[in-house]
Amino acid sequence: MYGCLEKKEIYALPDGERAELIDGKIFSFAVFLNQDDLNYVEPDLSIICDRSKLDEKGCHGAPDWVIEVVSPSSKSRDYMEKLFKYHTAGVRKYWIVDPEKQRVMVYWFEHDVVEQYDFGTDIPVGIYEGFHINLLL
């Protein structure tokens, strides 16, 4: 959280920095991988089951499940850099959702499993028994 700001100040944030402005306060829900200051990411979606990893600044340590939605500007980061970082940090499951290819790559790191699903297919979440997600365009 940056403190109390106005709309003009959110436009002054560095390029690529994502944040939310709520009641004059900017919030950036960061994930500090490995509980260090070297790897700070903002996944499109993250599920953290261990509440002790959370505070007002974000998540300290690896989320259980991370989902990144690929865009042309993020493709190499999502498929290469973040894949490696999430794996070594201890993320249990990593999904790469690629709307252009209409597929989801599922990496279940703790079981060394990689699966590919097409949009419209039930995808087992794995960290929650019997829970499936079906992505449609």
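**Figure 1. Strand β8 and its surroundings in the predicted model.** Strand β8 comprises residues 65-69, and four of these five residues are buried, so the strand is largely enclosed by the rest of the structure. In this predicted model, strand β5 (residues 45-47) runs antiparallel to β8 and is joined to it by three bridges. Within this pairing, Ile 47 is placed opposite Trp 65 of β8.

**Figure 2. The pairing of β8 with β9 and the crossover between them.** Strand β9 (residues 93-98) runs parallel to β8, and five bridges join the two strands. Glu 68, for example, has Ile 96 in β9 as its bridge partner. From β8 the chain passes through helix α2 (residues 75-89) before reaching β9, which makes a right-handed β-α-β crossover. In a regular strand, side chains alternate between the two faces of the sheet.

**Figure 3. The aromatic pair of Trp 65 and Trp 95.** Four aromatic pairs are counted in the model. In one pair, the ring centres of Trp 65 and Trp 95 are 5.1 Å apart; the ring planes stand at 65 degrees, and because an angle over 60 counts as edge-to-face, the pair is assigned to that class. Trp 65 belongs to strand β8 and Trp 95 to strand β9, so the contact ties together parts that are 30 residues apart in sequence. Are these two residues buried or exposed? Trp 65 has a relative accessibility of 4% and therefore counts as buried. Trp 95, at 1%, likewise counts as buried, since the cut-off is under 20%.

**Figure 4. An aromatic cluster and a lysine over a ring.** Tyr 86, Tyr 94, Tyr 107 and Phe 109 are linked into a cluster by ring pairs. In a further contact, Lys 93 lies over the face of Trp 108, at 4.3 Å from the ring centre.

**Figure 5. Two loop residues with positive phi.** Most residues other than glycine have a negative phi. Gln 102, which is not a glycine, nevertheless has a positive phi, near 55 degrees. Gln 102 is located in the loop between β9 and β10 (103-108), and with a relative accessibility of 38% this residue counts as partly exposed. Asp 112, also not a glycine, has a positive phi of about 50 degrees. Where is Asp 112 placed? Asp 112 is found in the loop between β10 and β11 (113-118). The relative accessible area of Asp 112 is 70%, so the residue is exposed.

Definitions and conventions:
Residues are numbered from 1 along each chain as its sequence is written. This is a predicted model: local features need pLDDT of at least 70, side-chain atom pairs count only at pLDDT 80 or more; totals for chains, interfaces and linings use all residues. Side-chain values use heavy atoms; hydrogens and water are left out. Buried means under 20% relative accessible area, exposed over 50%, partly exposed in between (1.4 Å probe, protein chains only). Helices (H or I, at least four residues) and strands (E, at least two) are DSSP runs, numbered from the N terminus. Two strands pair if DSSP finds at least two bridges between them. A crossover is right-handed if, with the strands pointing away from the viewer, the path from the first strand over the helix to the second runs clockwise. Rings of Phe, Tyr and Trp (its six-membered ring) pair if their centres lie within 6.5 Å; planes under 30 degrees apart count as stacked, over 60 as edge-to-face and the rest as tilted. A charge sits over a ring if NZ of Lys or CZ of Arg is within 6 Å of the ring centre and within 35 degrees of the ring normal.
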